Structures are given as C-alpha cells and as structure tokens.
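Me: I am new to this structure and would like a close look at a single part of it. Please take me through the salt bridges, one pair at a time.

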Amino acid sequence: MAKYDGIKGQELLEVDEGENELTLIFRDNRYLFVKVEDCKLVTESVPE
C-alpha cells in the first residue's frame, strides 16, 4: 500500500498504548496512529 511507503523499513523506536489506540513512533520522527472505531482498525500517519 503506497500510503505506508514512507515508513517501510524504518526503525520502530517506541510503541505507546492508549485506550483503543496505539501510537507507533519511527526513527525518522514519523508517527502512525492505529485506532479502533466501530470495530475496525483505522490508521492516521504524521507526516503523511
């Protein structure tokens, strides 16, 4: 999926767990937010 090409192969530095959400923090200062909404996984990345 082209949406995630920017984080492919990047080193994962940290995983923060919140209520119904995971935040993945990568070495190049990118964040990937993974949430559960209506029983489905939804993602948002910063920067896109």
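Reply: Start with the term itself. A salt bridge here is a side-chain nitrogen of Lys or Arg within 4 Å of a carboxyl oxygen of Asp or Glu. D28 and R30 fit that rule: their side chains meet in a salt bridge, at 2.7 Å from N to O. Keep in mind that this is a predicted model.

How far can the prediction be trusted? The mean pLDDT of the chain is 88. Of its residues, 96% reach 70 or more. Confidence is highest in strand β1, residues 12–18, at a mean of 95. It is lowest in strand β4, residues 40–46, at 87. Where pLDDT is low, the predicted coordinates should not be read in detail.

How many salt bridges are there? The count comes to 4. Three of them are described here, including the D28 and R30 pair.

Stay with that pair for a moment. D28 is partly exposed, with a relative accessible area of 32%. R30 is partly exposed too, at 24%. To be called buried, a residue must be under 20%. R30 does not meet that cut-off, because its value is 24%.

Next comes R27. It forms a salt bridge with E11. The closest N and O atoms are 2.9 Å apart. R27 lies in the loop between β2 (21–26) and β3 (31–37), while E11 sits in the segment before β1, so the pair ties together parts that are 16 residues apart in sequence. What about the surface? R27 is exposed, with a relative accessible area of 53%. E11 counts as partly exposed, at 42%. The line for exposed is over 50%, so R27 passes. E11 does not, because it stands at 42%.

Now the strands. The side chains of K35 and E21 meet in a salt bridge, at 4.0 Å from N to O. K35 is in strand β3 and E21 is in strand β2. They are 14 residues apart, and the pair links distant parts of the chain. Both ends are partly exposed: K35 has a relative accessible area of 28%, and E21 has 26%.

For contrast, look at a buried residue. S45 lies in strand β4. Its relative accessible area is 12%, so S45 counts as buried. Which residues does S45 touch, not counting those up to four places away in sequence? They are Y31 and L32.

Note on methods. Residues are numbered from 1 along each chain as its sequence is written. This is a predicted model: local features need pLDDT of at least 70, side-chain atom pairs count only at pLDDT 80 or more; totals for chains, interfaces and linings use all residues. Side-chain values use heavy atoms; hydrogens and water are left out. pLDDT is the predictor's confidence in each residue, from 0 to 100. Helices (H or I, at least four residues) and strands (E, at least two) are DSSP runs, numbered from the N terminus. Buried means under 20% relative accessible area, exposed over 50%, partly exposed in between (1.4 Å probe, protein chains only). Contact means heavy atoms within 4.5 Å.
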